[in-house]
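Here's a quick tour of one model, written for someone who likes to see the cut-offs. Have the viewer open and follow along.

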Amino acid sequence: IGVEDRQQERNWSTAEIDVLKLAANLLGATMARASALEQLSHSEERYRGLVNVAPDGVYVASDGFFRFANQTLVTMLGLTTVDELVGRKVADFVHPDYIALSRGRRLELEQQGGSLPVVEEVFLRADSTPITVEVASTSIRYEDQPAAIVVLRDITERKQAQNLLRLRDDILRSIAYSAPQFLIDEDWLDQLSQMLEGLGRAARV
């Protein structure tokens, strides 16, 4: 006797179909999230790469502590590795004369958000050598916490050049003022003394 095998199509209940749809939606959402996370990870890697090769110092701070820093900033502050900086207080690298300004800007960002105009500050390298920097700050969220991203541009050499130009101008003005006195005053030594005092004041600029 021959028996013919027959495959019958299963009749799915409405409840079973709903469960399958839900599972399919969950699976699709999971795959989409995984793809989005992968893209986000790649984006973060690209941004970190760009930040690390930036010519300016960049750091992220929250609660007054370094949370992230690029290698440019590490080198600018006289350190070797990022680990030497992350976790330390930002105030440890700010000149005492600028602590109040730096703290005030941090509090303003925390309370109001947004961006702050560029200002000039003095930071300290690890060996306490002062460097003059331009500082730009913007509020962000970092690791789901309120924070600020700060960009430092070292303008120390530019400031030194400006100071030298002022010094030169002061010296020339002192000479221009004093030289004619040598021709009309008998006591030229006093006039020379005044000129040297003027040069000394200029040298202290």
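What follows covers a hairpin, a group of aromatic rings and a helix.

This is a predicted model, so a few ground rules: local features need pLDDT of at least 70, side-chain atom pairs count only at pLDDT 80 or more, and totals for chains, interfaces and linings use all residues. Residues are numbered from 1 along each chain as its sequence is written, and side-chain values use heavy atoms, with hydrogens and water left out.

**The hairpin.** Helices (H or I, at least four residues) and strands (E, at least two) are DSSP runs, numbered from the N terminus. Strands β1 (residues 57-62) and β2 (residues 65-69) run antiparallel and share four bridges; two strands pair if DSSP finds at least two bridges between them. One of the partnerships joins Val 60 to Phe 68 in β2. Two residues sit between the strands of this hairpin, and Asp 63 in the turn has a positive phi of about 55°.

**The rings.** The structure has two aromatic pairs. Rings of Phe, Tyr and Trp (its six-membered ring) pair if their centres lie within 6.5 Å; planes under 30 degrees apart count as stacked, over 60 as edge-to-face and the rest as tilted.

| Pair | Centre to centre | Angle between planes | Class |
|---|---|---|---|
| Tyr 59 and Phe 66 | 4.8 Å | 70° | edge-to-face |
| Phe 66 and Phe 93 | 5.9 Å | 75° | edge-to-face |

Phe 66 lies in strand β2 while Phe 93 is in the loop between α2 (71-76) and α3 (99-112), so their pair ties together parts 27 residues apart in sequence. Ring pairs link Tyr 59, Phe 66 and Phe 93 into a cluster. Buried means under 20% relative accessible area, exposed over 50%, and partly exposed in between (1.4 Å probe, protein chains only). By that yardstick Tyr 59 is buried at 5%, Phe 66 is buried at 1% and Phe 93 is buried at 2%.

**Helix α3.** How far apart are the end C-alpha atoms of α3? They are 20 Å apart, which agrees with the 20 Å expected for its 14 residues at 1.5 Å a residue; the expected span is 1.5 Å times one less than the number of residues. The buried residues of α3 are Ser 102, Arg 105 and Leu 109. They cover an arc of only 65° around the axis, which puts them on the same side of α3; the arc is that of the directions from the helix axis to the C-beta atoms. On the other side of α3, Ala 100, Gln 111 and Gln 112 are exposed. Just after the helix, Gly 113 takes a positive phi of about 70°.
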